[in-house]
Amino acid sequence: MPDIPVTVVALLCLASLAAGWIDAVVGGGGLLLLPALLLGLPAATPAAWALGTNKAVAIVGTSGAAVTYVRKAPVDVGMAVRIGLAALAGSSAGAFFAAGMSTDVLKPVIMVVLVGVAAFVILRPAFGTAPAAGPATRRQRLAAIGLAGLGIGCYDGLIGPGTGTFLVLALTALLRLDLVTASATAKIVNCCTNAGALAMFAWQGTVLWKLAALLAVFNLVGGTLGARTALKKGSGFVRVVLLTVVFALVANLAYQQWLA
């Protein structure tokens with residue numbers, strides 16, 4: 001592990017705690033932890049090490065949040081795993097095409113989509129606040145596997161930031177879930193995609209395991225607390241956090257596109 005000042009390690013631990021909480025509630029924890037790692041690691045450290053370490057941390061917090069949700073929320077685990085496997089395939093395809101595609105072309109499109117999503121959620125206060133009237137139809141399930149799984153998985157491989165948030169929105173719309181159940185389902189899907197990505201980073205040897213182990217403890221605590229908060233506060237609370245994360249993601253992409 002590179003030589004990192006104790007104060008920087010402490011700040012990374014706090015960032016990991018907060019990222020775990022945000023990710024458990026509505027997704028998007030990587031928007032906080034990954035930039036923190038990029039800034040906290042020594043300047044000469046390749047970005048791949050930050051990416052690999054972030055995945056090693058995130059999978060622990062995501063798994064903890066998923067377990068907490070499954071125990072108390074009405075989650076269709078089998079459906080979530082099928083979507084997760086599709087997302088794993090999609091992210092692999094996205095990563096394959098990412099090498100020959102400029103993400104600068106996609107980022108403005110994603111920003112427009114996010115602003116539209118935010119406007120929709122604001123103008124539709126009932127979105128995601130009530131559970132589905134009945135079980136999802138076969139068409140809805142196939143749409144969730146294709147769009148939420150393959151589609152968002154591909155986005156994860158191409159660009160990445162906000163994947164968890166996109167999953168929550170897609171699952172809410174496609175399967176007509178309330179936001180809490182959608183967040184719970186998204187955590188299981190995230191476990192699948194994180195496992196695939198971590199396996200690749202581990203194979204490439206770009207994971208700082210000692211640092212990841214320390215940060216994972218804080219991320220696990222944050223993820224567990226975030227899941228409990230969402231379950232306790234309900235969909236209205238998740239909706240507020242969702243909008244906050246969406247606007248943060250728009251600002252992050254805009255900064256990367258025009259200011260960085």
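In this predicted model, valine 241 touches Trp21, Val25 and Val26 once neighbours within four places in sequence are set aside. Valine 241 sits in helix 10, and its relative accessibility is just 10%, so it counts as buried, the cut-off being under 20%. Proline 5 is a long way off in sequence, with the two positions 236 residues apart, and the C-alpha atoms of valine 241 and proline 5 lie 32 Å apart.

Next door in sequence is leucine 242, which has its own set of partners. Leaving out residues within four places along the chain, leucine 242 is in contact with Val26, Val121, Thr165, Leu169 and Leu179. Val26 thus turns up twice, as a partner of valine 241 and of leucine 242. Both Val26 and Leu242 also belong to the largest nonpolar core, which has 49 residues; along with Ile83, Leu114, Ala148, Leu171 and Val238, they touch the most other members. Helix 10, spanning residues 235–259, is the top contributor to this core, with 9 residues. There is also a second, separate core, made up of 22 residues, with Ala15, Ala50, Val57 and Leu215 among them.

Helix 10 also meets helix 8 (residues 179–204): the two axes come within 8 Å and cross at roughly 65°. On the helix 8 side the contact is made by Leu179, Val180 and Ser183, while helix 10 brings in Ser235, Val238, Arg239 and Leu242. Sorted by class, that comes to 4 nonpolar, 2 polar and 1 charged residues. Leu179 and Leu242, both part of this helix contact, also touch each other.

Helix 8 is home to phenylalanine 201 as well. With a relative accessibility of 16%, phenylalanine 201 is classed as buried, because it falls under the 20% cut-off. Not counting residues up to four places away in sequence, its contacts are Ala48, Leu51, Gly52, Lys55, Thr206 and Val207. Tyrosine 255 is 54 residues from phenylalanine 201 along the chain, and their C-alpha atoms are separated by 27 Å.

The remaining helix pair is helix 3 (residues 47–72) and helix 9 (residues 209–233), which pack with their axes 7 Å apart at an angle of about 30°. The two are therefore roughly parallel, since angles under 35 degrees are counted that way. Their crossing is right-handed. As for the make-up of this contact, 14 nonpolar residues take part, together with 9 polar and 2 charged ones.

Methods
Residues are numbered from 1 along each chain as its sequence is written. This is a predicted model: local features need pLDDT of at least 70, side-chain atom pairs count only at pLDDT 80 or more; totals for chains, interfaces and linings use all residues. Side-chain values use heavy atoms; hydrogens and water are left out. Axes are lines fitted to C-alpha atoms, for helices over the stretch in contact, and angles run from 0 to 180 degrees between N-to-C directions. Helices (H or I, at least four residues) and strands (E, at least two) are DSSP runs, numbered from the N terminus. Angles under 35 degrees count as roughly parallel, over 145 as roughly antiparallel, 65 to 115 as roughly perpendicular and the rest as oblique. A crossing is left-handed if the near helix is turned anticlockwise from the far one by less than a right angle, and right-handed if clockwise. Ala, Val, Leu, Ile, Met, Phe, Trp, Tyr, Cys and Pro count as nonpolar, Asp, Glu, Lys and Arg as charged, and the others, Gly among them, as polar. A nonpolar core is a set of buried Ala, Val, Leu, Ile, Met, Phe, Trp, Tyr and Cys residues joined through side-chain atoms within 4.5 Å. Buried means under 20% relative accessible area, exposed over 50%, partly exposed in between (1.4 Å probe, protein chains only). Contact means heavy atoms within 4.5 Å.
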